[in-house]
Amino acid sequence: MPSYKAPVDDTLFLLNDVLNIQRFGNLEGFADASPDLTGQILGEAGKLCEEVLAPLNASGDANGCKRHPDGSVTTPAGFKSAFEAYAGGGWIGLSAPPEYGGQGLPYSLTMVMSEFASSANMAFAMYPGLTQGALAALLTHGSPEQKKLYAPPMIEGRWTGTMNLTEPQCGTDLGLLTTKAVPRGDGAYAITGQKIFISAGEHDLSENIIHLVLARLEGAPAGVKGISLFIVPKVLVNADGSLGQRNGVSCGSIEEKMGIHGNATCVMNYDGATGYLIGEANRGLNAMFVMMNEARLGVAMQGLAQSEVAYQNALAYAKERLQGRALTGPKYPEKKADPIIVHPDVRRMLLEIKAFNEAARALALSAALDSDIAHRSGDPAARQAADDRLGLLTPVLKGMLTDVGFENAVKAQQVFGGHGYIREWGMEQFVRDARIAMIYEGANGIQALDLVGRKLPREGGRAIMAFFKEGAELLGGHSANEAMKPFVAPAQAALADLQKASMWLMQNAMAKPDNAGAASYDYMHLLGRVALALMWVKIAAAALEKQVREPETAALMEAKLTTARFYMERMLPETSLRLARIVSGADTMMSLAPEMF
Ligand SMILES: Cc1cc2nc3c(=O)[nH]c(=O)nc-3n(C[C@H](O)[C@H](O)[C@H](O)COP(=O)(O)OP(=O)(O)OC[C@H]3O[C@@H](n4cnc5c(N)ncnc54)[C@H](O)[C@@H]3O)c2cc1C
């Protein structure tokens, strides 16, 4: 049976020592998040995830969700009471506005909880996660009446949320969407169509489900410019907030799938269901993007979360499993063999995961802080800079954390040898669960296109130019420090690779869009590896300072410095490989005719 321990101390080190969250005391909600209170909150979050959610992970996977002939769906045993504990603890509304019953705390803390909960039980964590995403869209684009009616029960967890984009003929290309919305003359719309793959579309955890549904108004322009967003409650809501009649929406079936069995992935049928427009007609995608951006960061955390829990179990196994002797002679002569952690190749696997996880957590928290600044700062320049960074890094986080999260789950499984392939050890579940994060919420190839096609050129490249400037300033600030040399020099070389790749795109992608498409995936990973290197530079600087300031942390901080060196020596050189691929262009790739494949 696998186990999970929430990385509370590492997260607090990142928030307090590396990212200096105290700097943001002037932002709304941050004054309440003192280091002590943050420590307590993360401690409680960890406890809930370790004691309530993690024990349901394997059984939820084995038993899955069940649809009954009346269309109702039951979640695995234990999910309902776990959801009550999650909602009752106020975790759904941790950073939601207090006027609707939320606690108004930094969004960064919600991201931490999202990692912990997804490590403990990814399928479960999607129910509150989707509710938070739906809330974000509602609070940004809903009318005052809609917010008042729907937000408080969603924050309480009495009602949950979903996002309905996908249809059988319409996945990535939302312009193909056909679900119809017809005005009924009373301000509401009749919604008709079929949505597929809807996560948490039907279940028994809450008394109502608020579906956010993309549909096309009659006569709307073709393509993505004719899509609107609607609230379609499972049970209609009276003006006083009480529940009325059942709406015309039902779950036609649930998918048999590779992983996340505890989450109901539903075919949803809308048969003239009553829906209410959110925001402006034909601007639905704009409104849905609020939910999609939030969900992309949530999915990025799923990648990191599976990598983390798989690592923890692989590490424990590597310390116990006795096979072979160290190349330099027995390390534990009293035992029949040495534990496999003595072998360089096992250390390679463990360190590759560890060096990724710690920097990826820092990068995700840094992006969450940018989201806080973008939404809460009173300084327009700070808001814009944070929004630029967040926009640039959201596709990178989604694509890189989920790709590498899956690779790391496989690597951790490899540490177990054959036992990793056997269900009782739980490693194969992490691999199966991690796989979907690369696909949904915009497949990773689409994240790469979003980065290269939209985020890079936006405002004349303002975000990437700021990224270069901030990176150069960070590295320049540490370059005179001898102890920082092993980190600064490789990071400078990697940043130069990224600059060359960006320049090549500027010169070669405009005239030939295939060059941009062919380069996009490598560019996303190149930018991601550089961003992680900059995080390791920050972590190393904080570790060197902390070693002196708090000598009792010296060994722990030394381990951070060693891990940072490993990243620089053995993982960061990947940037030159990515650059070489990028500048090879699209000609060869595009020259093979489909019938010649
Ligand atoms: C378990 C699960 C849960 C899901 N939950 C939800 C949910 O809650 N709500 C919801 O609305 N949807 C949900 N989805 C749907 C999911 O978001 C889509 O599957 C995903 O967006 C991809 O769409 P598709 O499957 O139709 O693939 P397609 O769009 O057919 O894409 C197939 C492949 O082609 C690539 N591709 C497509 N177009 C391009 C292009 N222009 N350039 C380059 N490459 C391209 C894609 O990257 C992909 O690799 C879920 C799916 C699953 C499996």
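Helices are DSSP runs of at least four residues, numbered from the N terminus. In this predicted model, the helix α5 supplies 8 residues to the lining of the second largest pocket, the largest share. That pocket has a volume of about 1,300 Å³.

Its lining holds 42 residues. Those nearest the centre of the pocket are A136, T140, E294, S371 and H375. Several helices take part. At least two lining residues come from each of α5, α7 (284-320), α8 (344-376), α9 (380-415) and α11 (444-455). The lining of the second largest pocket is mixed in character: 14 of its residues are nonpolar, 15 are polar and 13 are charged.

Enclosed space was examined next. Rolling a probe the size of a water molecule over the atoms shows where empty space is left. Across the whole structure, the search finds 1 cavity of 30 Å³ or more. The volume of the largest cavity is about 30 Å³. Its walls are formed by N57, G60, D61, N121, A123, I260, H261, G262, Q429 and D433. Helix α3 (57-63) gives the most to this lining, with 3 residues. At least two residues each come from α3, α5 and α10 (427-436). By class, the lining of the largest cavity has 6 polar residues, 2 nonpolar and 2 charged. Helix α5 thus appears in both linings: it supplies at least two residues to the cavity and 8 to the second largest pocket.

Helix α5 also has a packing partner, α6. Helix α6 covers residues 144-156, which makes 13 residues. From its first C-alpha to its last, α6 reaches 18 Å. This is close to the 18 Å expected at 1.5 Å a residue. Even so, α6 is bent. The bend is about 30° and lies at Y150. A proline, P152, follows within four residues.

Y150 is also one of the buried residues of α6. The others are Q146, K147, A151, P153, M154 and I155. Buried here means under 20% relative accessible area. The buried residues of α6 pack against one helix and several strands. The helix is α5 (107-141). The strands are β3 (159-164), β6 (208-217), β7 (227-233), β8 (235-237) and β11 (265-278). After α6 comes G157. The phi of G157 is positive, near 85°.

Terms used. Residues are numbered from 1 along each chain as its sequence is written. This is a predicted model: local features need pLDDT of at least 70, side-chain atom pairs count only at pLDDT 80 or more; totals for chains, interfaces and linings use all residues. Side-chain values use heavy atoms; hydrogens and water are left out. The expected span of a helix is 1.5 Å times one less than its number of residues. The bend at a residue is the angle between axes fitted to the seven residues ending there and the seven starting there. Buried means under 20% relative accessible area, exposed over 50%, partly exposed in between (1.4 Å probe, protein chains only). Contact means heavy atoms within 4.5 Å. On a 1 Å grid over the protein atoms alone, a cavity is a set of points where a 1.4 Å probe fits but cannot get out, and a pocket is an open set with protein on both sides within 12 Å along at least five of seven lines; lining residues have an atom within 4 Å of a point. Grid points are joined across faces, edges and corners, and a volume is the space filled by probe spheres set on the points. Ala, Val, Leu, Ile, Met, Phe, Trp, Tyr, Cys and Pro count as nonpolar, Asp, Glu, Lys and Arg as charged, and the others, Gly among them, as polar.
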